[in-house]
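Good morning, everyone, and thank you for making time for this. Please have a look at the model on the screen, and then I will take you through its sheet and its cavity.

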Amino acid sequence: MIFDLHQINPTAKVSVKLVAQVGIGTIAAGVAKGNADIIQISGHDGGTGASPLSSIKHAGSPWELGLSEVQNVLLDNNLRDRVIIRVDGGLRTGLDCILAALMGAEEFGFGTVAMIATGCIMARICHTNSCPVGVATQRENLRARFPGVPEALVNFFLFIAEEIREILAASGHTSLDSIIGRVDLVKPKSDVALTKTRELKLDSLLRVSPYATNRHWLIHNDVHSNGPVLDDDILRLQDVQDSINNHRKLDKHLKITNADRTVGARISGVIAKKYGNNGFRGEININFYGSAGQSFGAFLISGLNLRLIGEANDYVGKGINGGEIILIAPSEIDSNLTSQVIMGNTCLYGATGGYLFARGYAGERFAVRNSKAIAVIEGVGDHCCEYMTGGIVVVLGHFGRNISAGMTGGLGYFLDEDNSFLEKLNSDTTQAQRIVTPEGEKQLKHLIEQHASKTGSSKAQEILEDWSASLKKFWQLVPNAEANSPETNPEYSQMTSTISLQQN
């Protein structure tokens with residue numbers, strides 16, 4: 001994910017949030033090596049107030065423990081200069097910021113106390129849409145009660161800054177930077193009378209790394225780079241630049257290897273920066289040949305279409321917003337193209353638009369958290385449509401267990417040739433039915449026709465040639481949110497048709 005985000009916007013800093021707990025230092029070291037720009041350490045305190053009690057009781061450790069471990073591990077491994085450390089988790093006062101800075105933090109996050117400063121009363125019913133002061137609700141009558149004004153929040157942080165200044169002045173320091181990482185200035189209280197803390201040993205918490213004395217680790221480089229990538233080579237091509245600048249149509253044919261990760265994201269970022277999500281009126285069609293690395297077509301935007309003759313790794317179409325991805329196995333794999341695994345796991349993760357057509361199988365967790373993308377594939381592993389909230393998924397072949405776990409929106413169409421669909425369906429949030437409306441049939445047939453046209457799929461052709469028999473083998477996944485759509489409900493379909501005739 002760090003690599004992906006640097007791909008689409010190489011000038012933006014990437015922040016990774018870690019929960020304070022034992023072993024966080026090892027994770028932080030890996031995150032720093034992975035080119036994150038900021039590591040945010042979150043303590044067990046604070047939060048939205050909407051979390052269930054079980055979550056609050058298992059929400060990590062105090063931020064002090066996590067911060068101390070991360071600071072020392074990064075210093076000991078010569079990684080501290082690579083990242084900025086930010087801390088949050090119940091910070092309330094300027095003194096909290098001073099202590100966090102002494103232990104190595106350079107930035108400080110405020111959540112709960114900032115909400116309170118603007119009117120939150122911590123009713124802890126955020127998830128019920130009935131916040132009494134109109135903070136966490138969409139109900140207009142409650143939102144009208146909201147008392148907060150921006151000046152209250154500004155005033156609060158001015159007081160925080162003033163308290164920090166006073167403490168610095170009293171200790172003989174002129175800036176916050178001068179005390180960052182100076183854990184040697186922190187001393188445990190010797191006059192604590194509480195029995196439960198009398199034998200508490202703070203040696204590990206107040207450990208001073210031998211590498212802390214050299215303050216060069218406070219000087220950070222600019223935003224980390226992914227180094228030379230295929231997208232940069234493509235963007236340097238004169239015809240690609242001409243297409244982007246002048247809204248022209250372009251077809252390219254290029255080789256790709258599995259060392260080329262997140263291909264298409266940087267091109268999409270350049271187009272989006274120039275025209276926004278939908279402002280590009282040209283069309284760039286890139287045909288790749290080979291094996292693509294992770295996140296092929298991630299964050300793709302309208303006007304950019306990728307066609308791969310080969311295979312792709314995990315996360316194909318992650319966060320795709322528009323455009324089109326087509327995957328076809330090489331022609332030399334001639335035994336049975338439809339049974340080939342052509343892409344890895346977790347494809348279309350978090351997709352918000354666009355199309356994916358694949359002449360072959362996908363791995364597990366296909367279309368997880370998909371909210372708008374439309375896909376046609378010929379087989380899929382376990383957990384298809386997990387947490388899906390929108391879009392359409394059509395599966396023309398094998399499917400694994402636990403279909404539609406947590407699915408709350410969108411539609412799914414599954415060809416059930418061995419009558420095993422219902423036993424693999426997770427029916428907690430969805431129901432399955434046959435295709436019962438003309439709109440549903442029309443939608444499914446149109447997508448299969450597109451799939452046949454774009455991929456040359458023999459499986460799609462077989463289905464279309466005997467459509468009346470094939471249609472009876474399809475199941476339609478219907479979450480509650482889609483129960484009254486023209487594609488799923490005969491009554492609504494008929495009512496919509498009547499309205500349309502009257503308007504005509």
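Let me begin with one pair of residues, Arg86 and Glu107, where Arg86 stands opposite Glu107 in strand E4. Please keep in mind throughout that this is a predicted model. Strand E3, which covers residues 84-88, pairs with E4 in the parallel sense, and that pairing runs over 2 bridges.

If we now step back to the sheet, we find an open sheet of 4 strands in the order E1-E2-E3-E4, with parallel pairing. Which strands stand at the edges? They are E1, residues 15-19, and E4, residues 107-108, and each has a single partner strand, so one side of each is left without a neighbour in the sheet. Packed on this sheet is helix H2, residues 24-33, which touches both E1 and strand E2, residues 38-42. The direction of H2 makes about 170° with that of E1.

Let me turn to the cavity. The structure holds 1 cavity of 30 Å³ or more, and the largest cavity has a volume of about 90 Å³. Its lining is made up of 13 residues, of which Gln71, Asn72, Met103, Val183 and Arg207 are the closest to the centre. Which helix gives the largest share of that lining? It is helix H4, residues 63-76, which contributes 4 residues. As for the character of the lining of the largest cavity, its residues divide into 7 nonpolar, 5 polar and 1 charged.

Thank you for listening, and I am happy to go back to any part of the model.

Note on methods. Residues numbered from 1 in each chain as written. Predicted model: local features only at pLDDT ≥ 70, side-chain atom pairs only at ≥ 80, totals over all residues. Heavy atoms only, no water. 1 Å grid on protein atoms, 1.4 Å probe; cavity = no way out; pocket = protein on both sides within 12 Å on 5 of 7 lines; lining within 4 Å. Points joined across faces, edges and corners; volume = space filled by probe spheres on them. Nonpolar A, V, L, I, M, F, W, Y, C, P; charged D, E, K, R; others polar. Pairing = 2+ DSSP bridges. Contact = heavy atoms within 4.5 Å. Axes fitted to C-alpha atoms, helices over the stretch in contact; angles between N-to-C directions.
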